[in-house]
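Here are a few exercises to work through with the coordinates open beside you. Try each one yourself before reading the solution.

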Amino acid sequence: MSDELQVIDILPGEGKAVVKGALITTQYRGFLADGTPFDSSYEKGRPFQCVIGTGRVIKGWDQGLMGMRVGGKRKLLVPAHLAYGERRVGERIPPNSALQFEIELLEVLTRDD
């Protein structure tokens, strides 16, 4: 995998775009570089919410979701240094792991809403 974040739009959305500081609601699946799944909001039975662009999620998400529009689906190929770096995360993510995410954007809320 490249040392650069790769952003691949599977389906462009038509709705509101993600901006720094927005509260976003997503459904996602996360995979190691070899395709092994490690996490899924679908399996948890509920969407994932976070504030984007403020360091509350991995840098790959903060950078890779900017500009994405509601209704869109995006694949992120995240190099280790924009994921968890040298840290092990739980039992499923070894140190220095590049990660892949398939993300569906359900909602974007900003201070204007």
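**Exercise 1.** In which strand is leucine 11 found?

Solution. Leucine 11 belongs to strand E1, residues 6–11; strands (E, at least two residues) and helices (H or I, at least four) are DSSP runs numbered from the N terminus. Before going on, note that this is a predicted model, in which local features need pLDDT of at least 70 and side-chain atom pairs count only at pLDDT 80 or more, while totals for chains, interfaces and linings use all residues. Residues are numbered from 1 along each chain as its sequence is written, and side-chain values use heavy atoms, with hydrogens and water left out.

**Exercise 2.** Work out which strands pair with E2, and in what sense.

Solution. Start with the rule: two strands pair if DSSP finds at least two bridges between them.
- E2 (residues 23–32) and E6 are joined by 10 bridges and run antiparallel; here threonine 25 stands opposite glutamate 107.
- E2 and E4 (residues 48–51) are also antiparallel, with four bridges, and isoleucine 24 faces cysteine 50.
- E2 and E3 pair over three bridges in the antiparallel sense, with glycine 30 opposite aspartate 39.

Next, look at the connection between E2 and E3: they form a hairpin with four residues between them, and glycine 35 in the turn has a positive phi of about 95°. Finally, eight of the 10 residues of E2 are buried, so this strand is largely enclosed by the rest of the structure. Buried means under 20% relative accessible area, exposed over 50%, and partly exposed in between (1.4 Å probe, protein chains only).

**Exercise 3.** Trace the aromatic pairs that involve phenylalanine 101.

Solution. Rings of Phe, Tyr and Trp (its six-membered ring) pair if their centres lie within 6.5 Å; planes under 30 degrees apart count as stacked, over 60 as edge-to-face and the rest as tilted. The structure holds six such pairs.
1. Phenylalanine 38 and phenylalanine 101 have ring centres 5.8 Å apart and planes at 85°, so they are edge-to-face.
2. Phenylalanine 38 lies in E3 (residues 37–40) and phenylalanine 101 in E6 (residues 99–109), so the pair ties together parts 63 residues apart in sequence. Both residues are buried.
3. Tryptophan 61 and phenylalanine 101 have centres 5.5 Å apart and planes at 90°, so this pair is edge-to-face too. Tryptophan 61 sits in helix H2 (residues 59–64), 40 residues from phenylalanine 101, and tryptophan 61 is buried.
4. Ring pairs link Tyr28, Phe38, Phe48, Trp61 and Phe101 into a cluster.

**Exercise 4.** How many salt bridges are there, and how covered are the residues that form them?

Solution. Side chains of opposite charge can pair when their charged atoms come close. The criterion is a side-chain nitrogen of Lys or Arg within 4 Å of a carboxyl oxygen of Asp or Glu, and the count comes to two.
1. Arginine 74 bridges to aspartate 9, with the closest N and O atoms 2.8 Å apart. The pair links E5 (residues 73–78) to E1, 65 residues apart. Arginine 74 is buried because its relative accessible area is 8%, whereas aspartate 9 is partly exposed at 44%.
2. Aspartate 39 bridges to lysine 44, the closest N and O atoms being 3.1 Å apart. Aspartate 39 is partly exposed at 23% relative accessibility, and lysine 44 is partly exposed at 47%.
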